[in-house]
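Colleague: I should like to learn how to read the features of a model of this kind. May we go through them one at a time, with the general idea before the case?

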Amino acid sequence: MGDNVGLYEKLRMYSESGAVPMHVPGHKRNVGLLGAHLPYGIDITELPGFDNLHDMRGVLRSVAERAAALYGSERAFPLVNGSTGGLLAAVRALTSRGDCVVMARNCHMSVYSAVEMNGLRPVVMAPRTDARFGISCCVDPGEVDEAISKAPGCALVIITSPTYEGVVSDVRAISGITRSRGVPLLVDCAHGAHLGFSDFFPKSAIREGADVVVTSLHKTLPALTQCALALASGPLSRPGDIARELAVFQTSSPSYVLLASIDECLALLDTRRDELFGALEGNLRHFDARVAGLRSLRIVCRGGGLDSRSGFYGYDPGKIVVCTRGVGASGAALAEALRSGHGIETEMSASDYVVAVATVCDSRERFDALADALISIDRSPGVLRCGKTPSHPPSPPAPPPTGGLVPLAEAEGATALEHVWAYPPGTPIIVSGEVISAAALREISRLAAEGASLRTSSGSPAGFVAARRANQAPATRL
Ligand SMILES: Cc1ncc(COP(=O)(O)O)c(C=O)c1O
């Protein structure tokens with residue numbers, strides 16, 4: 001595919017390439033199920049009769065009411081800027097400048113951005129890492145209680161459930177604690193818009209008692225990229241403030257194509273939920289049976305069920321997380337082998353695993369293709385060790401950071417003055433204010449070697465981090 005081809009043409013060629021999409025968006029380009037009638041002919045602005053997203057009274061209000069009824073919330077807000085816009089708005093709506101908040105360490109960068117923008121003082125809870133798979137465990141309710149006690153006047157608790165890897169926290173127990181303390185609970189449910197529609201999947205966070213939930217329809221349901229919802233219930237949820245802040249963080253020209261996609265997605269859930277989720281359950285059970293005999297590759301929560309001591313309160317079976325520890329290869333090597341050897345594109349790869357996303361738009365053949373590929377790689381894991389290594393992206397130019405630039409090789413023990421993360425998954429490896437650990441530096445150097453997209457909040461050049469060395473006095477800001 002040449003780079004001198006226009007973007008539309010490039011997209012069209014890719015869509016005809018036959019690549020198997022085990023990634024978001026959840027519609028999986030399934031025009032057979034969803035039709036191909038979006039978008040130019042219906043791309044309009046706020047014409048009479050078409051309502052206003054920032055003051056919903058007509059057709060958009062009906063969309064919002066349908067979403068609230070389906071998800072069981074008191075209020076719902078359609079979002080056209082993904083969960084990112086919803087999280088920025090919700091954090092701002094539920095806090096005042098300088099407030100203390102409690103947040104999980106594995107929150108998305110949009111939550112860190114909201115904390116910074118509003119000058120909030122975070123008390124950070126660090127879910128432990130599962131020793132078998134190297135993924136974050138759930139947030140422990142007891143830890144939430146303890147963290148609130150350490151956050152004077154705590155204004156808000158923010159957690160992610162499910163995580164990118166499908167780990168679900170006990171939102172019922174956590175919301176019981178936050179409610180008894182009079183603190184609103186915001187759950188980032190970007191990866192869980194499909195939860196709660198069938199008993200095969202964990203319950204949805206809003207039905208489990210969260211005050212505000214932000215969820216990306218586009219990730220795991222049939223909706224165009226950027227389509228999302230904010231849901232609010234109960235006396236702590238402040239829907240009026242959320243509406244006000246959504247008008248700040250979302251465009252004043254929302255796309256009716258995206259809004260129509262949200263409506264269609266909700267209509268599909270309303271009318272064909274049992275059929276679609278029944279088929280997905282059948283496909284996932286079939287997939288599980290097919291991969292039950294894998295010898296070296298292991299799939300998280302497949303075959304063995306949940307262990308109550310495992311650190312996973314619940315698990316989203318729509319995430320297929322394949323762990324490569326048993327074959328001594330990286331997640332990136334497995335993703336590359338699936339891509340180049342089997343035409344399968346996965347959602348995300350990390351040190352030791354790959355995440356594939358399964359949705360109601362996937363056919364049985366797709367699950368078979370993934371199972372065939374995994375079985376074949378499991379039998380000949382050598383393909384992972386001689387696979388092509390992705391090339392390194394060019395280093396970005398180096399805008400001067402406000403703190404000192406410290407080479408990563410010398411940064412252990414220094415205090416970070418910026419966040420460092422890779423996208424995906426968009427959760428920080430280093431958080432500003434933290435003492436930089438050897439483990440974090442190892443993770444960064446591994447990601448750099450794999451050509452991952454590493455980012456820093458002050459734009460430090462590759463190989464450096466803005467930090468204060470252990471023996472260095474704090475920088476004075478001019
Ligand atoms: C945990 C989490 N929250 C929020 C977001 C942002 O969602 P969106 O892409 O819909 O803006 C992401 C994106 O990947 C995410 O992983």
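Colleague: Let us begin with a single residue. Is K28 buried or exposed, and why?

Modeller: The model is a predicted one. Burial is judged by counting neighbours: a residue is buried if 20 or more other C-beta atoms lie within 10 Å of its own. K28 has 22 other C-beta atoms within 10 Å, and is therefore buried. K28 belongs to the loop between β1 and α2.

Colleague: What is the phi of K28?

Modeller: The general idea comes first. Most residues other than glycine have a negative phi, and most peptide bonds are trans. K28 is not a glycine, yet its phi is positive, at about 55°. A positive phi, near 45°, is also found at R238, again a residue other than glycine. R238 is placed in the loop between β9 (228–232) and α9 (239–249). With 18 other C-beta atoms within 10 Å, R238 is partly exposed.

Colleague: Which residues does a cis peptide bond join in the loop between β1 and α2?

Modeller: V24 and P25 are joined by a cis peptide bond, with omega about 0°. P25 sits in the loop between β1 (20–22) and α2 (31–34), and K28 lies in the loop between β1 and α2 as well. Another cis bond runs from S161 to P162, where omega is near 0°. P162 is located in the loop between β5 (156–160) and β6 (167–168).

Colleague: How should I read the packing of two helices, and at what angle do α3 and α10 pack?

Modeller: One takes the angle, the axis separation, the handedness and then the residues in contact. Helix α3 (residues 59–71) packs on helix α10 (residues 256–291) at about 40°, the axes being 10 Å apart. Their crossing is left-handed. From α3, the residues L60, V63, R66, A67 and L70 meet L259, I262, D263, L266, L269 and D270 of α10. By class, this contact of α3 with α10 comprises eight nonpolar, no polar and three charged residues.

Colleague: S62 is found in helix α3 as well. How far is S62 from D263?

Modeller: Their C-alpha atoms are separated by 9.1 Å, although the two positions lie 201 residues apart in chain numbering terms of separation. S62 is partly exposed, because 14 other C-beta atoms lie within 10 Å.

Colleague: Is the crossing of α4 and α5 left-handed or right-handed?

Modeller: That crossing is right-handed. α4 and helix α5 (residues 109–117) pack at about 35°, with axes 9 Å apart. The contact is formed by T84, L87, L88, V91 and R92 of α4 with S110, V111, S113 and A114 of α5. Its residues divide into five nonpolar, three polar and one charged.

Colleague: Which helix gives the most to the shell around the ligand?

Modeller: Helix α4 (residues 82–94) does, with three residues. The ligand is surrounded by 15 residues, of which G82, S83, T84, H108 and A190 are the closest. Five residues of the shell are nonpolar, nine are polar and one is charged.

Colleague: What radius of gyration does the protein have, and what would a compact globule have?

Modeller: The protein has 22 Å, which agrees with the value near 23 Å for a compact globule of 478 residues. Its C-alpha trace spans about 65 × 55 × 50 Å along the principal axes. Buried residues account for 48% of the 478.

Technical notes
Residues are numbered from 1 along each chain as its sequence is written. This is a predicted model: local features need pLDDT of at least 70, side-chain atom pairs count only at pLDDT 80 or more; totals for chains, interfaces and linings use all residues. Axes are lines fitted to C-alpha atoms, for helices over the stretch in contact, and angles run from 0 to 180 degrees between N-to-C directions. Helices (H or I, at least four residues) and strands (E, at least two) are DSSP runs, numbered from the N terminus. A crossing is left-handed if the near helix is turned anticlockwise from the far one by less than a right angle, and right-handed if clockwise. Two residues are in contact if their C-beta atoms, placed from the backbone, lie within 7 Å. Ala, Val, Leu, Ile, Met, Phe, Trp, Tyr, Cys and Pro count as nonpolar, Asp, Glu, Lys and Arg as charged, and the others, Gly among them, as polar. The radius of gyration is taken over C-alpha atoms; the globule rule is 2.2 Å times the number of residues to the power 0.38. A residue is buried if 20 or more other C-beta atoms lie within 10 Å of its own, exposed if 12 or fewer, and partly exposed in between; C-beta atoms are placed from the backbone. A residue is near a molecule or strand if its C-beta atom, placed from the backbone, lies within 6 Å of it.
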